[in-house]
Amino acid sequence: MEIQKQLKSHGAWIGKWTFILAATGSAVGLGNIWGFPYKAGTNGGGAFVLIYLGCILIIGLPIMISEIIIGRRAGNSPINAMKKIAIESNRSSIWQLVGWSGIFAGILILSFYSVIAGICLNYIFIAFTSNGLISSPDQFSSVISSPINLIAWHTIFIVLTALIVSAGVKDGIGRMVKILMPMLGFLMIFMVVYSMINGNFSQAMSFLFAPDFSNVTSDTLLQAMGQAFFSLSLGMGSIMAYGAYMPKNQNVVNSSFTVASLDTLIAILAGLAIFPIIFAFNLEPNSGPGLVFVSMLSAFNQMQFGQLIGPLFFILLSVAALSSSISLLEPGVAYLSEEGVLSRKSSAIIISIFIWILGLGSAFSFNIWSDFNLIGNKNFLDSMDFLANQILLPLGGMLIAIFVGWYMDKSLIKSEVGVTNSLLYRMWRFFVKFVAPLCVGYIFYRQFF
Ligand code: PHE
């Protein structure tokens with residue numbers, strides 16, 4: 001009855017594919033196409049990629065299953081879901097803090113995410129208004145050097161995000177992802193084929209897949225793990241919130257496998273599209289956050305129909321970013337509207353204003369604040385990224401694993417996964433109870449103690 005009520009207030013997904021597409025839409029975003037290649041590039045390639053894949057499999061996947069179980073069982077937004085399941089399992093309601101930390105992480109992430117997505121929008125605009133995107137090799141520097149410019153596009157992106165979230169999950173989110181996610185997949189494959197033919201594919205392959213562990217430090221481990229959480233949208237409640245709208249008869253484990261595989265596939269494809277071009281043009285693989293914005297332009301510049309494919313690429317990247325950003329805003333908005341404090345629309349507006357203000361710092365970190373370091377030697381944007389991805393998401397994920405593995409009532413878990421005597425179930429249980437928390441704990445320990 002309670003669940004019915006919640007589903008009524010937020011709406012629910014219709015059909016099995018909507019959940020998969022929405023969760024994939026959340027997972028696939030700037031993290032895959034902008035973040036993964038540049039982080040692999042700055043961390044030496046192969047070894048980072050291998051550790052990343054390991055983290056997806058042994059930490060990410062078990063935690064994704066756990067988040068969906070909690071979300072769907074509770075039928076609430078993450079804060080209330082954690083509270084409700086804790087109480088139903090006769091545990092302290094303090095577990096709701098995991099939900100709060102997730103909302104905080106979502107705000108931090110969206111603040112810089114929106115600035116980067118704004119750059120994509122700006123590229124599209126340039127493509128259609130001036131002589132084309134590719135007119136100058138310094139396109140990226142000219143885009144990021146103006147704070148007003150970055151802020152304008154950051155504003156547009158936040159407004160778009162808030163509009164879709166205000167419309168609610170069913171009409172706003174569900175409809176959009178159905179058409180655009182498959183399009184993105186096709187374009188990525190096309191880009192890889194192009195790079196294969198025209199770029200230095202073999203050098204890219206050995207850069208991405210021949211691991212050299214000699215330079216792996218505790219920082220590499222932390223970054224790879226943070227990237228895995230970020231890319232799968234885990235540890236902050238996005239997947240939990242979407243799980244609440246998942247139909248009861250849908251298989252949690254299979255759906256998680258599908259989402260995690262698609263996400264990983266897109267990240268690898270992005271690497272295979274970008275690095276052959278980097279090497280063919282003698283660009284530096286470790287150039288940082290500008291990587292995709294610089295390298296892809298070089299490709300479009302040379303390519304036949306580049307003037308058409310270039311804008312299309314940035315349109316799809318913006319859409320991928322939008323289908324992720326809405327999932328970053330959703331947990332907070334769902335909570336406020338669920339509590340009845342504010343309507344969905346007002347909640348979306350108020351949280352977005354906060355995020356917008358925080359985002360100014362990230363916009364400035366490309367220009368007037370480029371010398372200002374917030375945490376260690378990290379500028380404002382990198383500090384937000386570090387705090388959220390490398391601290392809050394893994395911490396949240398570890399607590400979720402511990403909660404499901406050790407504290408959540410088994411009968412509640414059973415009601416969500418069905419069989420509990422299969423090998424797959426027992427493996428999952430082992431991973432959430434021991435492997436995932438210990439791995440996160442170990443990586444934290446090595447880096448911080
Ligand atoms: N997974 C998204 C991406 O790869 C970002 C994201 C992180 C979305 C956390 C929701 C929650 O771009």
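In this predicted model, a polar side-chain atom of Ser233 lies 3.0 Å from a nitrogen atom of the ligand. Two backbone approaches accompany this side-chain one. A nitrogen atom of the ligand is found 2.7 Å from a polar backbone atom of Phe230, while an oxygen atom of the ligand has a backbone N or O atom of Leu30 at 3.1 Å. The ligand on its own would expose 320 Å², and 100% of that area is buried by the protein. For readers thinking in terms of voids, the space that the ligand takes up is the largest cavity.

The shell around the ligand comprises 15 residues, the closest being Ala27, Gly31, Tyr113, Phe230 and Ser233. Several helices contribute to this shell: helix H2 (16-27), helix H3 (30-42), helix H11 (218-231) and helix H15 (306-338) each provide at least two of its residues.

Ser233 deserves a second look for its backbone. This residue sits in the loop between H11 and helix H12 (238-243), and its phi is near 60°, a positive value in a residue other than glycine. With a relative accessible area of 8%, Ser233 counts as buried, because that value falls under the 20% limit. A useful counterpart is Asn90, which also is not a glycine and has a positive phi of about 60°. Asn90 belongs to the loop between helix H5 (78-88) and helix H6 (96-129). Here the relative accessible area is 70%, so Asn90 is classed as exposed, the limit being over 50%.

Helix H15, one of the helices that supply the ligand shell, also holds Ala321. Ala321 is buried, with a relative accessible area of 0%. Beyond residues up to four places away in sequence, Ala321 touches Leu30, Tyr113, Ala117 and Phe157. Two of these names are familiar from the ligand site: Tyr113 is listed among the closest residues to the ligand, and Leu30 brings a backbone N or O atom to 3.1 Å from a ligand oxygen. Ala321 also illustrates a long-range pairing, with Ile116 lying 205 residues away in sequence but 9.1 Å away in space, C-alpha to C-alpha.

Just past this helix comes Leu342, in the loop between H15 and helix H16 (344-364). Leu342 is partly exposed, at a relative accessible area of 28%. Once residues up to four places away are set aside, its contacts are Leu336, Ser337, Ser347 and Ile350.

A similar long-range view is available from helix H13 (residues 252-280), where Ile266 is located. Ile266 has a relative accessible area of 10% and is therefore buried, given the limit of under 20%. Its C-alpha atom is 9.9 Å from that of Phe36, although 230 residues separate the pair along the chain. Apart from neighbours within four places in sequence, Ile266 is in contact with Val28, Asn32, Ile33, Gly185 and Met188.

Ala167 offers another such pairing. This residue lies in helix H8 (residues 147-167) and is partly exposed, with a relative accessible area of 44%. The C-alpha atoms of Ala167 and Ala348 are 9.8 Å apart, across 181 residues of chain.

Attention turns finally to Glu416, which is placed in helix H18 (residues 410-417). Glu416 is buried, since its relative accessible area of 6% is under 20%. The side chain of Glu416 is joined to that of Arg72 by a polar contact of 2.6 Å. Leaving out residues up to four places away in sequence, Glu416 touches Ile69, Arg72, Arg73, Lys248 and Val252. Arg72 thus appears both as a contact of Glu416 and as its partner in the polar contact between side chains.

Notes:
Residues are numbered from 1 along each chain as its sequence is written. This is a predicted model: local features need pLDDT of at least 70, side-chain atom pairs count only at pLDDT 80 or more; totals for chains, interfaces and linings use all residues. Side-chain values use heavy atoms; hydrogens and water are left out. Helices (H or I, at least four residues) and strands (E, at least two) are DSSP runs, numbered from the N terminus. Buried means under 20% relative accessible area, exposed over 50%, partly exposed in between (1.4 Å probe, protein chains only). A polar contact is a pair of N or O atoms within 3.5 Å; within protein, one must be able to donate a hydrogen and the other to accept it, and residues adjacent in sequence count only if both atoms are side-chain atoms. Contact means heavy atoms within 4.5 Å. A residue is near a molecule or strand if one of its heavy atoms lies within 4 Å of it. Accessible areas come from the Shrake-Rupley method with a 1.4 Å probe; for residues, only the protein chains shown count as cover. On a 1 Å grid over the protein atoms alone, a cavity is a set of points where a 1.4 Å probe fits but cannot get out, and a pocket is an open set with protein on both sides within 12 Å along at least five of seven lines; lining residues have an atom within 4 Å of a point. A molecule sits in a cavity or pocket if more than half of its atoms lie within 2 Å of its grid points.
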